[in-house]
Amino acid sequence: MTGDTNIASVAALLADPTRVNILMALSDGRAFTANELSRLARVAPSTASGHLARLVDADLINVEKQGRHRFFRMKNPALTEVLEELATFAPAHSIHSLREAETGEAVRRARTCYNHVAGKLGVEITRALIRQSLLIELEDGYMLSREGERCFCDLGITEIHARKGQPIFAPRHIDWSERYYHFAGAPGAAFTRRMFELGWIKRIATSRALCVTETGQQALRQHFELQW
DNA sequence: GCGCCCAGTTACGCATTCCC
DNA sequence: GGGAATGCGTAACTGGGCGC
């Protein structure tokens, strides 16, 4: 080992498909019970419990006791970014059922990546914002233009309103499913939160997949000339 | 307070894989 | 081939919520 960090120990934890499934389920920032995570990872509760204990020990996830339930949550959003980056190198899963195919397609189409929209939807929104000169592409991310700030304020994104006048930088994430960038960071999170509040998007059951509502489709068309 | 139900953990045995 | 490591599921146990 070089330096004072043990990358191999974390890599070993990420080398197990069940643990990766659990972490991917937690990657949108929500908390899940051990039982829910065992179902999402398709293993027995005892197996999930063992994996969860190892992830807690490694300080990768937090656990909160609430009555007889224990809620597990990703500790550091940066781990989500690591998983998304790794996913861009990973070969596609082999599909064994129609349900798996549908779930995979839904996640690739639109999902949350910790706190912002990712997948095809995230990439298309980013492209639309650039087309309309609301986002300016930089070398390592994006900058909200004056028009972009106005647009975000008009949509009621209060965080942007509060910082009006200051340059607003949005880091970019490479999207593993689209192999293209989407905007993230505080502007991405604020934009996503507002989309939920306005009823433009909603979650599909317990998965991190999203669907765009009819209101959302109209709004995307109206505000960003984006056909969805 | 007691019994029942349910969520979660622990102990244990089995299967698989890897390394010598 | 055999031992070690790891992951899995079953069964048993623990702890908390809830109704009576």
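Colleague: I would like to learn how to read the contacts with the DNA, beginning with Ala 44: what lies 2.9 Å from a backbone N or O atom of this residue?

Modeller: The partner of that backbone atom of Ala 44 is a phosphate oxygen of DNA strand C, and since the model is a predicted one, the distance is a computed value. The pair counts as a polar contact because two N or O atoms lie within 3.5 Å. Side chains also reach phosphate oxygens of DNA strand C, with an N or O atom of Arg 19 at 3.0 Å and an N or O atom in the side chain of Thr 47 at 3.0 Å.

Colleague: Which element gives the most residues to the surface near DNA strand C?

Modeller: That element is H4, which contributes four residues, while helix H2 (17-26) is another that supplies at least two. By class, this surface is made up of two nonpolar, five polar and four charged residues; among the residues around DNA strand C are Asp 16, His 51, Arg 54 and Arg 68. Of the atoms of DNA strand C that come within 4 Å of the protein, 67% are accounted for by sugar and phosphate.

Colleague: Turning to DNA strand B, how many residues of each class form the surface near it?

Modeller: There the classes are three nonpolar, five polar and two charged, and the residues concerned include Asn 35, Pro 45, Arg 70 and Phe 72. Sugar or phosphate holds 77% of the atoms of DNA strand B within 4 Å of the protein, and bases hold the rest.

Colleague: Which atoms of DNA strand B do Ser 49, Ala 34 and His 69 approach?

Modeller: A polar side-chain atom of Ser 49 is 2.6 Å from a phosphate oxygen of DNA strand B, and a backbone N or O atom of Ala 34 is 3.3 Å from a phosphate oxygen of that strand. For His 69, an N or O atom of the side chain lies 3.5 Å from a sugar or linking oxygen. Helix H3 (34-40), helix H4 (45-57) and strand E3 (69-74) each give two or more residues to the surface near DNA strand B.

Colleague: Leaving the DNA, in which sense do E8 and E9 pair?

Modeller: In a regular strand, side chains alternate between the two faces of the sheet. Here strand E8 (residues 169-175) and strand E9 (residues 180-183) pair in the antiparallel sense, over four bridges, with Arg 172 opposite Phe 183 of E9. Four residues lie between the strands of this hairpin, where Arg 179 takes a positive phi near 55 degrees.

Terms used
Residues numbered from 1 in each chain as written. Chains lettered and ligands numbered in written order. Predicted model: local features only at pLDDT ≥ 70, side-chain atom pairs only at ≥ 80, totals over all residues. Heavy atoms only, no water. Near = heavy atom within 4 Å. Polar contact = N/O pair within 3.5 Å; in protein donor to acceptor, adjacent residues only side chain to side chain. Nonpolar A, V, L, I, M, F, W, Y, C, P; charged D, E, K, R; others polar. Pairing = 2+ DSSP bridges.
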